[in-house]
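Morning, everyone. Please bring up the structure on your screens, and let's walk through it together.

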Amino acid sequence: MNRISFSRLSLLSVLSLLLLAACSAPAPQVASTPGNSAGMGMGMGMGMASGMMERHRAQVPAPYAGLSSPVKADAESLTRGAAVFTANCATCHGDGGMGDGPAGVSLNPVPAAVAHTSQMMGDDYLFWRISEGGVPFTTAMPVWKEALTEQQRWDVINYVRALGRGDVKPGQAVGGAAYDPQAEAAQRAEVLAQSVAKGQITQAQADNFTIVHAALEDHMAASPHDSGSGNPAERQAAVLAELVQDGAITQAQADMFSKTHDLLHAAGLIE
């Protein structure tokens with residue numbers, strides 16, 4: 001089974017998040033399946049989980065910190081972003097941005113399901129990761145700040161987020177699945193059930209995780225362009241705080257969700 005990336009924001013999850021990871025020399029890894037290469041599963045090693053935790057909690061450095069996109073996600077930007085994505089990203093990330101491109105199967109870590117994980121990344125975090133590539137974390141992702149203009153980088157961010165929201169249909173260049181919320185929900189439920197069976201979390205924690213995750217999804221659907229700034233962990237904390245303030249969940253539910261998320265992540269079960 002592969003890793004799980006929790007719905008539009010999971011946050012974090014958010015992943016190597018190597019939004020535009022191009023290909024490098026092959027490295028051994030767990031096999032992936034279309035539409036699930038960065039999705040639910042139990043196959044992630046502790047080293048990989050530790051590496052993702054490092055990336056998810058990394059502080060956005062100057063001069064990227066605090067940036068917000070100056071490019072509106074209109075039809076023109078999405079058209080430009082689609083062209084950039086097809087030319088530079090699809091071979092590894094797949095046409096649908098779910099990490100299942102034909103050249104990505106030999107990479108370690110596997111390409112991120114960027115259509116999915118980008119929903120919970122701050123503008124500044126995504127722009128930094130694309131611009132500087134894998135240099136900060138010694139991964140295979142190339143540096144794009146010289147190959148792509150600033151507008152092209154913002155356009156492709158707009159495009160992958162639109163893919164994850166279902167606002168645009170994937171191209172037909174190299175193959176790969178589109179984000180499927182029903183399949184993702186089924187995978188999430190499977191991982192939670194297995195985690196309860198193995199004693200890694202309690203049933204109460206699993207039930208709370210499902211409830212809070214649904215609230216997170218609703219929040220993101222209602223505010224699709226409110227990406228804010230910061231790394232995935234910071235964005236998750238900010239959205240949970242907003243949900244508590246709005247009365248959608250209680251502080252106790254938010255705290256339990258965060259604890260459960262950390263337990264699953266540390267166990268290598270989620271991204």
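A disulfide here is a pair of cysteine sulfur atoms within 2.5 Å. Keep that cut-off in mind. And remember, this is a predicted model.

So how many disulfides does a search of the whole structure find? Zero. Take Cys 89. Its nearest cysteine sulfur belongs to Cys 92, and that is 8.9 Å away. The cut-off is 2.5 Å, so Cys 89 is in no disulfide. Is Cys 89 buried or exposed? Buried, because its relative accessibility is 0%.

Next, a helix. Find α5, residues 123-132. How many of its ten residues are buried? Ten, so mostly covered is the right description, with under 20% relative accessible area as the test for each residue. Look at who is in there. The buried residues include Tyr 125, Leu 126, Phe 127, Trp 128 and Ile 130. Asp 123, Asp 124, Arg 129 and Glu 132 are also among them. Now step just past the end of α5. Gly 133 sits there, with a positive phi of about 60°.

Last stop: two helices that pack together. They are α8, residues 203-222, and α9, residues 232-246. Their axes lie 10 Å apart, at an angle of about 95°. That is why we call α8 and α9 roughly perpendicular to each other.

Which residues meet there? From α8, Val 212, Ala 215, Leu 216 and His 219. From α9, Val 239, Leu 240, Glu 242 and Leu 243. Sort the residues of that contact by type, and you get six nonpolar, one polar and one charged.

That's my tour. Over to you.

Terms used: Residues numbered from 1 in each chain as written. Predicted model: local features only at pLDDT ≥ 70, side-chain atom pairs only at ≥ 80, totals over all residues. Heavy atoms only, no water. Axes fitted to C-alpha atoms, helices over the stretch in contact; angles between N-to-C directions. Helix = DSSP H or I, 4+ residues; strand = E, 2+ residues; numbered from the N terminus. Parallel < 35°, antiparallel > 145°, perpendicular 65-115°, else oblique. Contact = heavy atoms within 4.5 Å. Nonpolar A, V, L, I, M, F, W, Y, C, P; charged D, E, K, R; others polar. Buried < 20%, exposed > 50% of the residue type's maximum accessible area, 1.4 Å probe, protein only.
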